[in-house]
Amino acid sequence: MIIVVMREKASVKNLGAVIGRIEDASGRAHISRDADRTILGVVGVGKSLIETLVEMEGVERVTPLETPYKLASREFQPSSSTVTIGGIAVGGPEFVVMAGPCAVESLDQTLEAAHAVKRAGAHMLRGGAFKPRTSPYSFQGLGEKGLEILAVARKATGLPVVTEVMAVQDIPMVARYADVLQVGARNMQNFNLLQELGKARKPVLLKRGLMSSLEEFLMSAEYILSHGNSQVILCERGIRTFERMTRNTLDISAVPVLKKRTHLPIMVDPSHAAGEWDLVPSLSRAALAAGADGLIIEVHPRPSEALSDGPQALKPETFMGLMNELRAISAAMGRSMAPVKELVGAIIDRPGRDS
Ligand code: PEP
Ligand code: MN
């Protein structure tokens, strides 16, 4: 890819001429608009076109982009992008929290969880209807019935819903119910799935693979972006290392590294990283302090009865205490977290008192 940075004062005519020249050479220009200038990411042309383009009116500079990820890069788009879900912009000043059970188990359990996380100030409801389980004998999720339950919970609480899609053939169905399509860690390199999600008109929450480098992670985002969907949110959820005292190792440095290299919003999932509920608050605070745009946290009304990931689920009262702490830290970080009316007078339960 070649990056063409237009001058601040370049006219529409200048831009049209540059794009025309690129298309004459059988190339294609991806356009990114910054606050004050336009940047083109040109594909399908040789480097020899650089000399021609740099001479054109309105062009400030032309450079080849050497990173393997292109549309995801800060070179292509210097300003951070936001992904708006139900009126909430992820990647903007607001620190966004998605919370809910690992899996949708029943209508009652989901509604209970949804109301609880809403009361604590969560912005969105998470819950899996299709579960990628290591064992084929474990609970696999309720499928479409689970999606229907999520739709009921959204109606009851007004919270947008994020849920996983595991297979290409399920995309239309999951997209009918969900506000955000989650790609699980195990599917981060399911390139067919990524390509098809690139054609979807819904935001995608892309989780980092268990064994994936950050470059591979960005290349997976590139698959979605290059197929036409610019609404991608990255999610660091811990990687597999030699350490066995946590389920995974939360790669906290992924947050500033990704922030430096990509304009895409970055969330952190402390639950799957930790594997144990009492570690979740620390990792959550660290993620916010490191510059993450939000968190996705597992919360279950009765963790001991959960059909999946019970040991890492927060009880609603612990989650509420954590949200209050996050609100304080976000203020110190220069970010906002909307205050919640219902929180006034609420008893803050510290994590240490949970079971
Ligand atoms: C989940 O969010 O419940 C999940 C399965 O996460 P991951 O794909 O990160 O393991
Ligand atoms: Mn889970």
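Q: Which residue is the bridge partner of Ile 31 in β3?
A: In this predicted model, the bridge partner of Ile 31 in β3 is Leu 40.

Q: How do you know that strand β2 and β3 pair, and in which sense do they run?
A: Two strands pair if at least two bridges are found between them, and 6 bridges join strand β2 (residues 28-33) to β3, so the pairing condition is met. The two strands run antiparallel, and a hairpin of 4 residues leads from β2 to β3.

Q: What makes strand β1 count as paired with β3?
A: Strand β1 (residues 2-6) is joined to β3 over 4 bridges in the antiparallel sense, and because a pair needs at least two bridges, β1 and β3 qualify. Within this pair, Val 4 stands opposite Leu 40, the residue that is also the bridge partner of Ile 31.

Q: Why is strand β3 described as mostly covered?
A: Of the 6 residues in strand β3 (residues 38-43), 5 are buried, where buried means a relative accessible area under 20%.

Q: How do you know that Ser 26 is exposed, or is it buried?
A: The relative accessible area of Ser 26 is 62%, and because exposed means over 50%, Ser 26 is called exposed. Its place is in the loop between α1 (12-24) and β2, and its phi is near 65°, a positive value in a residue other than glycine.

Q: Why is Asp 309 called buried, given its relative accessibility?
A: Asp 309 has 16% relative accessibility, and since the limit for buried is under 20%, Asp 309 counts as buried. Asp 309 is found in the loop between β14 (294-298) and α11 (316-332), and although Asp 309 is not a glycine, it has a positive phi of about 55°.

Q: What makes His 300 buried, and with which side chain does it make a polar contact?
A: His 300, which lies in the loop between β14 and α11, has a relative accessible area of 4%, and because this value is under 20%, His 300 is buried. The side chain of His 300 makes a polar contact with the side chain of Gln 109 at 3.4 Å, a distance that fits the limit of within 3.5 Å.

Q: Why is Leu 111 called partly exposed?
A: Leu 111 lies in helix α3 (residues 107-119) and has 21% relative accessibility. Buried would require a value under 20% and exposed one over 50%, so Leu 111 counts as partly exposed. The C-alpha atoms of Leu 111 and Phe 139, which are 28 residues apart along the chain, are separated by 20 Å.

Q: Why is Ala 156 partly exposed too?
A: Ala 156, found in helix α4 (residues 144-157), has a relative accessibility of 41%, and as the range for partly exposed lies between 20% and 50%, Ala 156 is placed in that class. The C-alpha atoms of Ala 156 and Val 45, 111 residues apart along the chain, are separated by 52 Å.

Q: How do you know that β10 is paired with strand β9 and with strand β11?
A: Strand β9 (residues 161-164) pairs with β10 in the parallel sense over 3 bridges, with Val 180 as the partner of Val 162, and the chain crosses from β9 to β10 through helix α5 (residues 171-177) in a right-handed β-α-β crossover. β10 pairs with strand β11 (residues 204-207) over 3 bridges, again in the parallel sense, and Leu 181 stands opposite Val 204. From β10 the chain passes through helix α6 (residues 191-198) to β11, and this β-α-β crossover is right-handed. At least two bridges are needed for a pair, so β10 is paired with β9 and with β11.

Q: Which way do the residues of β10 point?
A: Val 180 and Gln 182 point one way from strand β10 (residues 180-183), Leu 181 and Val 183 point the other way, and all are buried.

Q: What makes the residues Arg 126, Lys 207 and Glu 298 polar partners of ligand 1?
A: An oxygen atom of ligand 1 is 2.8 Å from an N or O atom in the side chain of Arg 126, the corresponding distance to the side chain of Lys 207 is 2.9 Å, and that to the side chain of Glu 298 is 3.3 Å. A polar contact requires a pair of N or O atoms within 3.5 Å, so each of these distances meets the limit. The protein covers 97% of the 290 Å² of accessible area that ligand 1 has on its own.

Methods:
Residues are numbered from 1 along each chain as its sequence is written. Chains are lettered from A and ligands numbered from 1 in the order in which they are written. This is a predicted model: local features need pLDDT of at least 70, side-chain atom pairs count only at pLDDT 80 or more; totals for chains, interfaces and linings use all residues. Side-chain values use heavy atoms; hydrogens and water are left out. A polar contact is a pair of N or O atoms within 3.5 Å; within protein, one must be able to donate a hydrogen and the other to accept it, and residues adjacent in sequence count only if both atoms are side-chain atoms. Accessible areas come from the Shrake-Rupley method with a 1.4 Å probe; for residues, only the protein chains shown count as cover. Buried means under 20% relative accessible area, exposed over 50%, partly exposed in between (1.4 Å probe, protein chains only). A crossover is right-handed if, with the strands pointing away from the viewer, the path from the first strand over the helix to the second runs clockwise.
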